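Biologist: Could you take a close look at one part of this model for me, starting with how its strands pair? Follow it outward from there, and keep it as concrete as you can.

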Amino acid sequence: MTTKERRREVPRSRHGEWEPPADRDPLATLAAQDADRVPELVPIRYGRMLTSAFAFYRGGAAVMAADLAAAPDTGLRAQLCGDAHISNFGVFAAPDRRLVFDCNDFDETLPGPFEWDVKRLAASVAIAGRERGFGRGERRRALEATAAAYREAMRGFAAMRNLDVWYARVDVEAQKERLGDALTASRRRRMDRQLDKARAKDSVRALRKLTATDDDGRLRIVAEPPLITPLAELAGGAEEGDRALRPILDAYTSTLSDDRRRLVASYEYVDAARKVVGVGSVGTRAWIVLMLGRDSGDPLFLQAKEAGPSVLEPYAGASEYTNHGRRVVEGQRLMQAASDIFLGWVEAEGLDARSRCFYVRQLWDGKGSADVERLSAPELGLYGALCARTLARAQARSGDRAAIAAYLGRGDTFDRAIAEFAERYADQNERDYAALLEAEKRGEIEVERGL
């Protein structure tokens with residue numbers, strides 16, 4: 001299909017449309033996700049989602065997936081993040097130990113129409129702007145800056161050689177210098193503090209924060225129920241937990257390259273615990289695993305997180321991978337400019353004797369994210385644009401970047417349409433959030449706040 005034909009079939013202005021289907025039921029969509037989650041953790045999920053309309057949006061990827069599927073489809077596919085809101089971008093340490101900025105959540109990754117990620121990103125900017133109390137004009141400028149950054153970046157990537165696209169990445173220090181005078185002195189100092197905090201967030205810090213020595217002199221992960229529950233407490237004892245976990249670790253290492261397998265083999269397993277993480281992920285099974293290398297000052301913390309089918313699968317088609325942990329890993333490797341060297345997957349039988357898929361990565365490795373609640377209106381536009389350029393680079397690695405760029409064009413038609421959609425969807429998100437609050441008042445859902 002030519003660009004003209006595609007634009008006739010799905011005019012760029014149509015991306016501004018949003019009309020909820022008559023049979024739309026966001027609360028039923030959320031409830032359907034609860035069926036395979038840890039029952040005692042589901043109320044915590046709702047408690048976290050109900051802290052704000054933005055928190056609700058973060059936990060509602062499945063709701064928006066159904067909504068995006070009802071919108072016009074360009075047919076231009078790329079590997080999608082699947083949950084590309086602004087809090088799912090951030091910094092982390094690349095294998096060369098420099099801090100890079102990239103998308104950092106791939107639980108829902110799957111090939112699909114490129115615009116689905118763009119719309120989810122833009123709507124998150126609109127919702128964050130409302131949370132900050134910004135006026136409609138301020139939000140509009142931030143939204144158009146976000147959409148324009150994606151469009152212009154994709155046009156830039158379309159003109160680049162394949163290898164140059166593959167090697168492109170956002171180096172944090174270089175990006176800070178490029179921003180220059182766009183950052184106020186106070187914002188630059190705040191950014192420096194955030195980056196220093198990210199650099200210090202590693203396995204050594206996790207060791208100090210999450211562990212203690214027991215009465216027998218053994219290092220153990222400290223219980224903090226219900227957010228952190230040691231494996232020994234769930235498995236009926238430390239020995240039973242150890243026997244269950246060791247073959248899982250062996251199976252995971254088989255998905256690594258030989259050099260990294262040797263690195264993991266240089267560490268000894270010490271302890272593990274179930275740890276509640278995120279907003280939308282709460283209730284899925286996530287484990288942290290403590291390992292030690294040379295001595296007690298040489299820790300490695302891994303995180304094994306349950307991976308089920310992507311929320312996009314009912315609408316974009318099933319994954320080519322039967323193991324959803326592998327789906328996450330392969331999608332992350334395809335979209336990220338630099339990925340965790342410990343990234344792998346495993347299928348394992350849980351304590352309930354059910355087989356589940358997991359992906360594995362380092363727990364903390366220089367990870368940090370923007371403090372969205374402190375961004376000014378101009379900074380929100382700058383940050384939205386940075387996320388959008390990063391998303392364009394990620395999609396340019398897998399999609400037909402020339403065809404996407406040609407469809408987007410040089411003008412601002414797409415930018416204005418995405419800004420319109422984002423505001424309309426922010427209205428919808430507020431209605432959905434209010435509906436969940438009402439469900440709590442009616443006693444239809446159990447909610448545990450403050451965790």
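Modeller: One term first: two strands count as paired if DSSP finds at least two bridges between them. Keep in mind that this is a predicted model.

Let's start with strand 3, residues 99–103. Two bridges join it to strand 5 (residues 170–171), and the two run antiparallel. Within strand 5, the residue opposite Val100 is Asp171. Strand 3 also pairs with strand 2, again in the antiparallel sense, this time over five bridges. There, Val91 has Phe101 of strand 3 as its bridge partner. Strands 2 and 3 form a hairpin with five residues between the strands, and Arg97 takes a positive phi near 75 degrees in that hairpin. How covered is strand 3? Mostly: five of its five residues are buried.

Phe101 takes us straight from the pairing into the packing. The largest nonpolar core has 97 residues, and Phe101 is listed with Ile86, Phe89, Phe114, Tyr150 and Tyr383 as the residues that touch the most other members. Helix 17 (residues 377–396) supplies the largest share of this core, eleven residues. That fits a general habit: in soluble globular proteins, nonpolar side chains tend to be buried together. Tyr383 is a good one to click on. Setting aside residues up to four places away in sequence, Tyr383 touches Ile86, Phe89, Gly90, Phe101, Ala370 and Leu375. So from Tyr383 you get back to Phe101 in one step, and Phe101 is the bridge partner of Val91. There is also a second, separate core of 19 residues, and its members include Tyr252, Trp287, Val289 and Val360.

Now step back along the chain, to the loop between strand 1 (77–80) and strand 2 (89–93), where His85 sits. Is His85 buried or exposed? His85 has a relative accessible area of 2%, so it counts as buried, the cut-off being under 20%. Beyond its sequence neighbours up to four places away, His85 touches Tyr57, Arg58, Arg120, Leu121 and Ser124.

Leu80, in strand 1, is buried too, with a relative accessible area of 0%. Which residues is Leu80 in contact with, leaving aside its neighbours within four places in sequence? Among them are Thr109, Leu110, Pro111, Gly112, Pro113, Phe114, Trp116 and Asp117, and the list also includes Leu312, Met335 and Gln395. Phe114 is a name you have already met, as one of the residues that touch the most other members of the largest core. In the same neighbourhood of the chain, Glu115 is 35 residues from Leu80 in sequence, and their C-alpha atoms are separated by 9.3 Å.

For contrast, have a look at Tyr167 in helix 8 (residues 162–167). Its relative accessibility is 64%, so Tyr167 counts as exposed. Together with Leu163 and Trp166, Tyr167 forms a nonpolar patch on the surface, with about 390 Å² of accessible area between the three.

Last stop, the charges. Side chains of opposite charge can pair when their charged atoms come close. The whole structure has 42 salt bridges by this search. One of them joins Arg139 and Glu423 at 2.8 Å, N to O. Arg139 belongs to helix 7 (residues 136–158) and Glu423 to helix 19 (residues 413–441), so this pair ties together parts that are 284 residues apart in sequence. Both ends are covered: Arg139 is buried at 10% relative accessible area, and Glu423 is buried at 3%.

Arg285 and Glu306 also form a salt bridge, at 3.1 Å, N to O. Arg285 lies in the loop between strand 9 (268–275) and strand 10 (286–292), while Glu306 is in strand 11 (residues 299–306), 21 residues away in sequence. Arg285 and Glu306 are both buried. As for Arg139 and Glu423, they belong to one network of salt bridges with shared partners, together with Arg130, Arg136, Asp427 and Glu430.

Note on methods: Residues numbered from 1 in each chain as written. Predicted model: local features only at pLDDT ≥ 70, side-chain atom pairs only at ≥ 80, totals over all residues. Heavy atoms only, no water. Helix = DSSP H or I, 4+ residues; strand = E, 2+ residues; numbered from the N terminus. Buried < 20%, exposed > 50% of the residue type's maximum accessible area, 1.4 Å probe, protein only. Contact = heavy atoms within 4.5 Å. Patch = residues over 30% accessible without salt bridge, like charges linked within 9 Å, V, L, I, M, F, W, Y side chains within 5 Å. Areas by Shrake-Rupley, 256 points an atom, 1.4 Å probe, with all protein chains shown as cover. Salt bridge = Lys/Arg side-chain N within 4 Å of Asp/Glu carboxyl O. Core = buried A, V, L, I, M, F, W, Y, C linked by side-chain atoms within 4.5 Å.
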